[in-house]
Amino acid sequence: MSRLEDAIDAGRFVLTAELLTVNGGGLAAVHERFEPFEELVDAVNATDNTAAHAHASPLAVAVALQQLGMEPVMQLVCRDRNRLALQAELAGAGLLGIENICCLTGDDVTAGDEPEARRVFDLDAIQLLVTANAMRGGHYLSGRKIDPAPRLFLGAVENPAAPPVDYRAERALKKVRAGARFLQLQVGFEREPLERFMREAVASGLASQAAILPSVCLVRSPSALRFIDEKVPGISVPADVIERCESAADPEAECFELACELADHARSLSGVRGLHLISFRKEAGIARLCERLGIPTRRERELRGHSPRVAV
Amino acid sequence: MKPLALLEAAVKKPVWGCQMCGQCVLHSTGMTCPMNCPKTLRNGPCGGVRPDGRCEVKPEMRCVWVKAVERAPRTPWAHELHDIRKPVDNRLWGTSSWANFLSKRDREAPKGWNVEA
């Protein structure tokens, strides 16, 4: 059983973080990216060509994380691989003992630096989940047996703030029906969509069937907020939030305050099981945020059974 | 294309922008063709939909799933919106979904495709 699955099953507060993209530099390059929050997180996400930019593959990065003693969550997007290649990655992950898999549709190729590339989307995220779940059960999509079956712990993403907002919890439930056991939500800078999503998730039973982890993004400057607002598909940053950070005496400190407030708000919502943290820089932001919010280290959480509600 | 497929295209292209996938699910997605989604998503919207409901990839177009979710309740097949739809069978492109419906060819799923109700 993966450490993430164990934490979720035991009802402990779960903390995951995104690894900055890797393009080379060996294990040292991977290590320096998670070292500042090594003791805090349950698992680290190895991303799959984020925002449609090519990087070291998620399987390679997941293996690197594992070799460095950090548990990976391997992301897999539908944009770049057909169903054969997706299943090959899943079988490869299973072969190497990588259990946590996060299935995503993926940003379109036009969001990246090679918009002329062919987009694949042979499967969508839900079909990928069904496929991965079938592999967990011992067979490929074709029905061909896999013996032994890979041990996989499946997850997905959802964006509470993207239209149609009244359908998002429903869609997340579809992902759970397809096999997802955890949901890492898209970063949001508004509270209302997350509140609404969590209300619906609790009411529909979604929150009890999958561990919902809202994402919080730490940025250094108001210009980064502006960049996210303009360039990242599916994330908008309200003008007053950008304005607040820009007009602050210390914009960098204000951006950090903003992240702390959003994280504190997210973890206070009923049904939330933990947080997914994203920092765009190789610094100690994630560790500082955990310190501010009083989130104990992973070891302490394991020893004391730190639950999400206690964290409030 | 065979005559039936040509006829189907002639009817469905102008009205729904039919892409002739040969495995039509139009009725279960609020009479909005999901194959017009640039990512050809048949199980719901991606996370990139713009705040005003326009498509991440083609801003000139409203997200097909925003339309589907809006329209589905007005159809007799509203509950089918929540179905988990199987992957596209890429062998059926350009064939008539009417013929594939009658022959049940469009309901054939890979052996390993297994979804609870």
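Trainee: Before we start, what does it take for two residues to be in contact here?
Mentor: Their C-beta atoms, placed from the backbone, have to lie within 7 Å. Keep in mind that this is a predicted model.

Trainee: Okay, so which residues does Pro45(B) touch?
Mentor: Leaving out residues up to four places away in sequence, Pro45(B) touches Ala162(A) and Pro164(A) from chain A, plus Cys63(B), Trp65(B) and Val66(B) from chain B.

Trainee: And where does Pro45(B) sit in its chain?
Mentor: Look in the loop between helix H1 (3-16) and helix H2 (64-71) of chain B. Pro45(B) and Val66(B) are 21 residues apart in sequence, yet 7.4 Å separates them in space, C-alpha to C-alpha.

Trainee: Is Pro45(B) buried or exposed?
Mentor: Buried, because 28 other C-beta atoms lie within 10 Å of Pro45(B).

Trainee: How many residues does each chain put into the contact?
Mentor: Chain A gives 35 residues and chain B gives 30 residues. On chain A's side, the elements that give two or more residues are helix H5 (125-136), strand S5 (153-158) and helix H6 (168-177). That side of chain A divides into 14 nonpolar, ten polar and eleven charged residues.

Trainee: You mentioned S5(A). Which strand does S5(A) pair with, and how do they run?
Mentor: S5(A) is joined to S6(A) by four bridges, and the two run parallel. Ala156(A) stands opposite Leu183(A) in S6(A). Put H6(A) together with S5(A) and S6(A), and you get a right-handed β-α-β unit.

Trainee: What about the other neighbour, S7(A)?
Mentor: Three bridges join S6(A) to strand S7 (residues 211-213), again running parallel. There, Leu183(A) stands opposite Ile212(A).

Trainee: Which residues of S6(A) are buried on each side?
Mentor: Phe182(A) and Gln184(A) are buried on one side, and Leu183(A) and Leu185(A) on the other. In a regular strand, side chains alternate between the two faces of the sheet.

Trainee: Switching to helix H7(A): which residues are buried there?
Mentor: Leu194(A), Phe197(A), Met198(A), Glu200(A) and Ala201(A). Seen down the axis of H7(A), they fall within an arc of 165°, so they line one face of the helix.

Trainee: What covers them?
Mentor: The cover includes H6, helix H8 (206-209), S7 and helix H11 (251-268) of chain A. The face turned away from the buried side carries the exposed residues Glu192(A) and Ala203(A).

Trainee: And what follows H7(A)?
Mentor: Gly205(A), with a positive phi near 90°.

Conventions
Residues are numbered from 1 along each chain as its sequence is written. Chains are lettered from A and ligands numbered from 1 in the order in which they are written. This is a predicted model: local features need pLDDT of at least 70, side-chain atom pairs count only at pLDDT 80 or more; totals for chains, interfaces and linings use all residues. Ala, Val, Leu, Ile, Met, Phe, Trp, Tyr, Cys and Pro count as nonpolar, Asp, Glu, Lys and Arg as charged, and the others, Gly among them, as polar. A residue is buried if 20 or more other C-beta atoms lie within 10 Å of its own, exposed if 12 or fewer, and partly exposed in between; C-beta atoms are placed from the backbone. Two strands pair if DSSP finds at least two bridges between them. A crossover is right-handed if, with the strands pointing away from the viewer, the path from the first strand over the helix to the second runs clockwise. The arc is that of the directions from the helix axis to the C-beta atoms.
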